[in-house]
Amino acid sequence: MQRTKFTEEKLGQAEKTELDAHLENLLSKAECTKLWTEKIMKQTEVLLQPNPNARIEEFVYEKLDRKAPSRMNNPELLGQYMIDAGNEFGPGTAYGNALIKCGETQKRIGAADRELIQTSAINFLTPLRNFIEGDYKTITKERKLLQNKRLDLDAAKTRLKKAKVAEARAAQLNISQPEENNIMIWAEEVTKSEQEVRITQSEFDRQAEITRLLLEGISSTHAHHLRCLNDFVEAQMTYYAQCYQYMLDLQKQLGSFPSTFLSNNNQSSTTPVQSVSSPSVLASASASLPSVSNSMVTSGLSELKSSSGSRKARVLYDYDAANSSELSLLADEVITVYSIPGMDSDWLMGERGNQKGKVPITYLELLN
């Protein structure tokens, strides 16, 4: 019956009870909110997880109420490759150590990325999804009920109108051919239809009020989503600040490499220094190492290698020992170094208190 009535209204064959302007505006605002909330939510998911297959997997596990298996994200995977490559090339080499440092930084960025995704999912995506799957579904349900009540009211009004027309026609016929019983029948039908209109009007008004109250809650939803948006912006700000700090620290670590180490990892520490005698090259080396020139570093190491004495040396940047024969180093600490006959030209023996072990010369700056 309601479907027939709805079709008649669409074709202009039946009257339609119009909603008041305020309710129509609220309905329009709710639809607009739902539309843009869905778009923002979906694009945020793409931003946080660009891999569509990963998003589908997370969606399936979420529907199954199971935790998705933990996997490395892209920065973490890149970081692991860099660390593995650095260990393969040798952490004692400048390139190998730089790869390890870069890999560690990429892993920190990956961890920050995980934190951003988790925080954004809890504080931003979840409230948006709750609105779409919760509040708006309730609004849709009540709106559908309102539509049904309106169709019931319109149907009752149509029956009342037809009953009144039939009653008037019967009254006219009664003038020439008295049919008292027929008039009474249509009078009763009119009374019955009027009662039905009153009931359906009351039910329609009640449902319209329920729907209106729900729709007015959209303003509160906007206020809540504004707070969630602030949380999302704060999470992004924290993430980008962390990434910037990580890369700044990495840049400082890489900047502490002497220029000779950056230009050629295989260059021996005993390479002749005639090639750096020109003013332009000396200026470049001085800019890279303001405290000591390359020629001084090379000559100092050569002198130490050829003697049996020891020297103090400042550690240029952190070094993690690869095995028990090596000594771990911390940037800016001062240790004692000396050479042992037969030792590889790229290494010295280092001592710090009771600890001793091999240290790579590329990590050291000899002190006078």
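How many aromatic pairs does the structure hold? In this predicted model, the structure holds seven aromatic pairs, and one of them is described below together with the sheet whose loops carry its two rings.

## The aromatic cluster

The rings of Y319 and Y363 have centres 5.0 Å apart, and because their planes stand at 70°, above the 60 degrees required, the pair counts as edge-to-face. Y319 belongs to the loop between β1 and β2, whereas Y363 belongs to the loop between β4 and β5, so the pair ties together parts of the chain that are 44 residues apart in sequence.

Both of these tyrosines are buried: Y319 has a relative accessible area of 1%, and Y363 has a relative accessibility of 0%. They form one aromatic cluster together with Y317 and W347.

## The five-stranded sheet

The open sheet has five strands in the order β4-β3-β2-β1-β5, and the pairing is antiparallel. At its edges stand β4 and β5 (residues 364-366), each of which has a single partner strand, so that one side of each is left without a neighbour in the sheet. From one strand to the next, the twist averages 40°.

Two of the pairings can be followed in more detail. Strand β1, residues 310-315, pairs with strand β2, residues 334-338, in the antiparallel sense over five bridges, and in this pairing A313 stands opposite I335 of β2. Strand β3, residues 347-352, and strand β4, residues 355-360, are likewise antiparallel, and six bridges join them; here E351 stands opposite K356 of β4.

## Turns and loops of the sheet

The hairpin of β3 and β4 has two residues between the strands, and within this hairpin G353 takes a positive phi near 65°. A positive phi is also found in a residue other than glycine, namely D332, where the value is near 80°. D332 is placed in the loop between β1 and β2, which is also the loop that holds Y319; but whereas Y319 is buried, D332 is exposed, with a relative accessible area of 54%.

In the loop between β2 and β3 lies S345, which is partly exposed, with a relative accessible area of 33%. The C-alpha atom of S345 is separated by 8.5 Å from that of I361, although the two residues are 16 residues apart along the chain.

## Helix α4

Helix α4 comprises the 16 residues 74-89, and at 1.5 Å a residue it should span 22 Å, which agrees with the 22 Å that separate its end C-alpha atoms. Its buried residues include P75, E76, G79, M82, I83 and G86. Seen down the axis of α4, the buried residues fall within an arc of 125°, so they line one face of the helix. On the other side of α4, N74, Y81 and E88 are exposed. The general geometry of helices bears on such a pattern: with 3.6 residues a turn in an α-helix, residues three or four places apart point the same way.

Both ends of α4 can also be described. At the N-terminal end, N73 acts as a cap, with a side-chain oxygen 3.0 Å from the backbone nitrogen of E76, a residue that is itself among the buried ones of this helix. After α4 comes G90, whose phi is positive, near 110°.

## Helices α2 and α7

Helix α2 runs over the 28 residues 21-48, and its end C-alpha atoms are 40 Å apart, in agreement with the span of 40 Å that is expected at 1.5 Å a residue. The buried residues of α2 are L23, L26, L27, A30, T33, T37, M41, T44 and L48. At the start of this helix, a side-chain oxygen of D20 reaches to within 3.1 Å of the backbone nitrogen of H22.

Helix α7, residues 218-255, contains E234, which is partly exposed, with a relative accessible area of 48%. E234 and T119 are 115 residues apart along the chain, and their C-alpha atoms are separated by 9.9 Å.

Notes
Residues are numbered from 1 along each chain as its sequence is written. Side-chain values use heavy atoms; hydrogens and water are left out. Two strands pair if DSSP finds at least two bridges between them. Helices (H or I, at least four residues) and strands (E, at least two) are DSSP runs, numbered from the N terminus. Axes are lines fitted to C-alpha atoms, for helices over the stretch in contact, and angles run from 0 to 180 degrees between N-to-C directions. The expected span of a helix is 1.5 Å times one less than its number of residues. Buried means under 20% relative accessible area, exposed over 50%, partly exposed in between (1.4 Å probe, protein chains only). The arc is that of the directions from the helix axis to the C-beta atoms. A polar contact is a pair of N or O atoms within 3.5 Å; within protein, one must be able to donate a hydrogen and the other to accept it, and residues adjacent in sequence count only if both atoms are side-chain atoms. Rings of Phe, Tyr and Trp (its six-membered ring) pair if their centres lie within 6.5 Å; planes under 30 degrees apart count as stacked, over 60 as edge-to-face and the rest as tilted.
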